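Thank you all for coming; I would like to spend a few minutes walking through one structure with you. Please have the sequence and the picture open, and follow along as I go from the whole chain to single residues.

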Amino acid sequence: MRHIISILLENESGALSRVAGLFSARGYNIETLTVAPTEDLSLSRLTIVTSGSDEVIEQITKQLNKLIDVIKVVDLSEAAHIERELMLIKVRSTGKDREEVKRLADIFRGRIIDVTESTYVIELTGTCAKLDAFIQAIDAGLILETVRTGVSGIGRGDRILKV
């Protein structure tokens with residue numbers, strides 16, 4: 001099962017390396033990883049998407065809590081949450097394809113952020129499923145380059161990740 005684990009950790013060199021090393025040493029796969037400082041510049045929020053049984057995720061959580069740089073760990077998948085991912089996709093857009101690509105971008109609520117004579121760069125945000133659906137909907141031969149940020153997530157309502 002897919003889990004989104006959100007980690008509050010000290011914003012110091014080596015902290016991210018220790019978290020990634022924990023996953024690597026135990027043979028756990030990181031599907032996506034995003035990290036950035038929080039409103040408190042001494043802290044970073046790290047969001048990891050991984051897969052595993054409830055027992056594996058419990059083991060990961062326990063191991064993460066043992067790391068000295070880690071302040072708090074929450075499995076966002078356990079309760080109501082919001083998740084988003086950003087994708088930039090460069091597509092070939094010439095001739096009849098130009099209007100079709102624009103139409104698809106509009107359907108998926110994407111924004112065309114760069115235009116040349118032969119390409120569009122489209123910005124899309126949403127769930128992983130939405131971004132995957134856009135890639136499936138567009139002719140694979142038109143895709144020149146794709147960049148995705150990985151998942152960012154936050155708990156709904158009163159559920160927060162703070163010290």
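I will begin with the overall layout and then turn to a few places in the chain.

Please keep in mind throughout that this is a predicted model. The protein has nine strands and four helices, and if you read along the sequence you meet them in the pattern β-α-β-β-α-β-β-α-β-β-α-β-β. If you draw a box along the principal axes, the C-alpha atoms fill roughly 55 × 35 × 35 Å. There are 163 residues in the protein, and 37% of them count as buried. The accessible surface comes to about 9300 Å², and carbon and sulfur atoms account for 52% of that surface. As for charge, the protein has 21 positive and 24 negative charges, and the mean positions of these two groups are 2 Å apart.

How do contacts reach along the chain? Taking the contacts between residues at least 6 apart in sequence, 73% of them join residues at least 24 apart.

Let us now look at strands, beginning with S9, which covers residues 152–155. As general background, the side chains of a regular strand alternate between the two faces of the sheet. In S9, Gly153 and Gly155 make up the covered face, while Ser152 and Ile154 make up the uncovered one. Strand S5, residues 81–92, runs antiparallel to S9, and four bridges join the two. One residue to find on your screen is His81, whose bridge partner in S9 is Gly155.

S9 also comes up when we turn to Thr47, which has its place in strand S3, residues 43–51. Is Thr47 buried or exposed? With a relative accessible area of 3%, Thr47 is buried, because the cut-off for buried is under 20%. Setting aside residues up to four places away in sequence, Thr47 touches Ile4, Ile5, Ser6, Thr32, Leu33, Thr34, Val151, Ser152 and Gly153.

Next comes helix H3, where Ala105 has its place. Ala105 counts as buried, at 1% relative accessibility. Not counting residues up to four places away in sequence, Ala105 touches Gly110, Ile112, Ile122 and Phe134. Of these, please look at Ile122: Ala105 and Ile122 are 17 residues apart along the chain, and their C-alpha atoms are separated by 7.1 Å.

The loop between helix H3 (96–107) and strand S6 (111–115) holds Arg109. Most residues other than glycine have a negative phi. Arg109, however, has a positive phi of about 60 degrees, although it is not a glycine. Arg109 is exposed, because its relative accessible area of 74% lies over the 50% cut-off.

My last stop is another loop residue, Asp69, which lies between helix H2 (54–66) and strand S4 (70–75). Which residues is Asp69 in contact with, once its neighbours within four places in sequence are left aside? The residues are Leu8, Leu9, Glu10, Ala15 and Arg18. With Arg18 there is a polar contact of 2.6 Å, which joins the side chains of the two residues. Asp69 is buried, with a relative accessible area of 6%, whereas Arg109, in its own loop, is exposed.

That is where I will stop, and I am happy to go back to any of these places with you.

Methods
Residues numbered from 1 in each chain as written. Predicted model: local features only at pLDDT ≥ 70, side-chain atom pairs only at ≥ 80, totals over all residues. Heavy atoms only, no water. Buried < 20%, exposed > 50% of the residue type's maximum accessible area, 1.4 Å probe, protein only. Polar contact = N/O pair within 3.5 Å; in protein donor to acceptor, adjacent residues only side chain to side chain. Contact = heavy atoms within 4.5 Å. Areas by Shrake-Rupley, 256 points an atom, 1.4 Å probe, with all protein chains shown as cover. Lys, Arg positive; Asp, Glu negative; His and termini not counted. Charge placed at Lys NZ, Arg CZ, Asp CG, Glu CD. Pairing = 2+ DSSP bridges.
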